[in-house]
Amino acid sequence: MNFPHTEYGIRRQTHQNMLKKILKFPQNFLWGVSTSAYQIEGGIINDWSEWEKSESKIKKLKSENKNPEDFICGQACDSYNKYEEDFDLAKKLNCKAYRLGIEWARIEPIKGQFNLVEIEHYKKVLSAAKKRNLQVVLTLWHWTNPVWLTQLGGWANKKVVDYFINYVELIVKELGQDVDFWITLNEPMAHIGFGYIRGNFPPNQKGKLLNAIRVYKNLVKAHQMAYKKIHQFLPYSQVSFTSLTDYFEPANKANPFDCLAVILARYFHHRKFFNQVVKSLDFIAFDYYFHNRLSWHPPFKVNLNKEINDMGWEIYPKGIYHVLKYFSKFNKPIYIMENGIADASDCKRSKFIIDHLKYVYQAISKGIDVRGYFYWSLLDNFEWAHGWIPKFGLYSVDRKTFIRKARPSAEVYANVCQKNLIEID
Ligand code: BGC
């Protein structure tokens, strides 16, 4: 890759007498790790925990020769109790920021009744992060819902926006002082796609298009109102949502139908939602995992898959550059809130991180205002419909003892965060 000469790029001699190129990131670049409440806290009762236990789900898993135990979140990583240890691990990685989630179902287990004990718990959590000098990125909703909400129709019910805003208001008043960045919603389009179109997430409503549209409208409104609500109490706060942004390109650039498939995919996958809320964003936050080469006819997705992760997802670092370039036109600071790899043997993770950062650096050197990078994830955690099988963590977690153990890539990331640079050949 050819980097232009910028103030950040310099070359230096290494002990092997080889020229290594050093790519230095801007001062104050925010290095972090991302997590979510349901995936690590444990002991939560919400729509996911109930769905995992449902007869139909268990029957399906058995029919696929899968062990249902591997798909129960249960105590997760016990981060509800081990949050201080987790923050210490983030500090060991030399991270300056930590993204965590709040679980709505804990705060409001019964409609209209807020659990003050849990509020106190989260106060302790946030102040433990602040005590360690970590900037806090707080996600208010990461796909999971209180059971009562699901019984009322979930995000398809119009009233959900009011319910959500009541919860947001409480969080802002009680916890707001310790929050540096707010994420109102995590990847709303994924909730719609998996929950209402494919049906492999709760509420498991495969092909319910009308509901999908209702949910879409309510999520747009929920973000807009949450944005206002947070600013009402904390005028200088930084608020956004995370967009799951795949990099789509046509399988055959000369084929107009493949090109059309890409335009439609981009529009429905992330641009439509993003455009509707862009006025209510103080910064842009996106998650990058996927590259998709699309054709207009089956099998539609024709990736080259030269390199894949443990889940079969193609590894395509250059895509992050294209996504950054796209977002740069909105003239807002950009944060990569998730980027990571399922790699149980840890043989690809270090390279994965460095390769993506090369392209992040390239974007910065072209003047794109990228302010931070958060690796997903600190720990091996509950990977939704894939259960406990994929391992995204810089730290592995023993499923019985919850003991965390650094993978070799943790040291690589710690060095990057400490030195604020990457070295490439
Ligand atoms: C989600 C995470 C998930 C990760 C890896 C992201 O889209 O926000 O919750 O664990 O992807 O699948």
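**A ligand in its pocket**

Student: What makes the space taken by the ligand a pocket?

Tutor: The space taken by the ligand is the largest pocket. A pocket here is an open set of points on a 1 Å grid over the protein atoms alone, where a 1.4 Å probe fits, with protein on both sides within 12 Å along at least five of seven lines. The ligand takes that space because more than half of its atoms lie within 2 Å of the grid points. This is a predicted model, where local features need pLDDT of at least 70 and side-chain atom pairs pLDDT 80 or more, while totals for chains, interfaces and linings use all residues. Residues are numbered from 1 along each chain, and side-chain values use heavy atoms, leaving out hydrogens and water.

Student: Which residues surround the ligand?

Tutor: Among them are Gln39, His142, Glu187, Tyr289, Glu338 and Phe392. Each has a heavy atom within 4 Å of the ligand, so it counts as near.

Student: How many residues of each class are in that shell?

Tutor: Six are nonpolar, three polar and three charged. Trp and Tyr count as nonpolar, Glu as charged, and Gln as polar.

Student: Why are the pairs with asparagine 186, tryptophan 376 and tryptophan 384 called polar contacts?

Tutor: A polar contact is a pair of N or O atoms within 3.5 Å. A ligand oxygen is 3.0 Å from a side-chain N or O of asparagine 186, another pair involves tryptophan 376 at 3.3 Å, and the one with tryptophan 384 is at 2.8 Å. Taken alone, the ligand exposes 310 Å², and the protein buries 95% of that (Shrake-Rupley areas, 1.4 Å probe).

Student: How many helices and strands does the chain have?

Tutor: There are 14 helices and 15 strands, which are DSSP runs (H or I, at least four residues; E, at least two).

Student: Why is the chain called as compact as a globular protein of that length?

Tutor: Its radius of gyration is 21 Å, close to the 22 Å that the globule rule gives for 425 residues, so the description fits. The rule is 2.2 Å times the number of residues to the power 0.38, and the radius is taken over C-alpha atoms.

Student: Where is proline 203?

Tutor: Proline 203 lies in the loop between α9 (188-198) and α10 (209-233). A cis peptide bond, with omega about 10°, joins it to proline 202.

Technical notes:
A polar contact is a pair of N or O atoms within 3.5 Å; within protein, one must be able to donate a hydrogen and the other to accept it, and residues adjacent in sequence count only if both atoms are side-chain atoms. On a 1 Å grid over the protein atoms alone, a cavity is a set of points where a 1.4 Å probe fits but cannot get out, and a pocket is an open set with protein on both sides within 12 Å along at least five of seven lines; lining residues have an atom within 4 Å of a point.
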